[in-house]
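Hi,

Here is the structure I promised to pass on. Have a look at it first, and my notes on its charged side chains follow underneath.

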Amino acid sequence: MKKFLSLLGAITLTASATSGVVACGVTADSQIQPPDGDSSRIKSLEKQVADQKKQISDLESERDSLEKQRNDLTKNLAEAKQEQDILVKTVDDLTADNKAKDKKITELEGTKAVLESKLSDLQSKYDSLSKELEDAKKELLGVEQQRDLLE
């Protein structure tokens, strides 16, 4: 019995709510028409809405274009960063190479100075020996002349 009363209550509630909605429904004859003065204002507002929709569409297109440009610039920036990294590494390598070559040049300049000093010493010895040889030749010539005279 309890179930039956619950079922009957539910049906009664649903039927009374539905009948209220059906009784208050809008028919085609009773549609609300705007007053005559508001008709032109509605058309003006509808035109404004259409213009604003076009502006929104244009702005969205411009936004998409700017987004594409930003993506392109981001890609270009990443590529430029990679190129910069390569160039920095090249500069670092060349700098290290130049330092090594500068060290070698310094070593060679030291060796050159030592060799020039030795060459100068050898030149002095050569000049001294050349003079001694000339003196010895003169002495030999003098001895030969004396021998020729004695003979």
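Arg70 is partly exposed (between the cut-offs for buried, under 20% relative accessible area, and exposed, over 50%, with a 1.4 Å probe and protein chains only), at a relative accessible area of 47%. Its partner Glu67 is also partly exposed, at 36%. The two side chains form a salt bridge of 2.6 Å, N to O, the term meaning a side-chain nitrogen of Lys or Arg within 4 Å of a carboxyl oxygen of Asp or Glu. Glu67 and Arg70 sit three residues apart in helix H2, so about one helical turn separates them. Helices here are DSSP runs of H or I with at least four residues, numbered from the N terminus.

A word on the model before the other pairs: it is predicted, so local features need pLDDT of at least 70 and side-chain atom pairs count only at pLDDT 80 or more, while totals for chains, interfaces and linings use all residues. Residues are numbered from 1 along each chain as its sequence is written, and side-chain values use heavy atoms, leaving out hydrogens and water.

Helix H2 covers residues 36–150 and also holds Lys47 and Asp51, four residues apart, or about one turn. Their side chains meet in a salt bridge at 3.2 Å, N to O. Lys47 is exposed, at 51% relative accessibility, whereas Asp51 is partly exposed, at 38%.

Another salt bridge joins Asp148 and Arg147, at 3.7 Å, N to O. Asp148 is partly exposed at 48%, and Arg147 is partly exposed at 46%.

By this rule there are eleven salt bridges in total.

Best wishes

Definitions and conventions. Helices (H or I, at least four residues) and strands (E, at least two) are DSSP runs, numbered from the N terminus.
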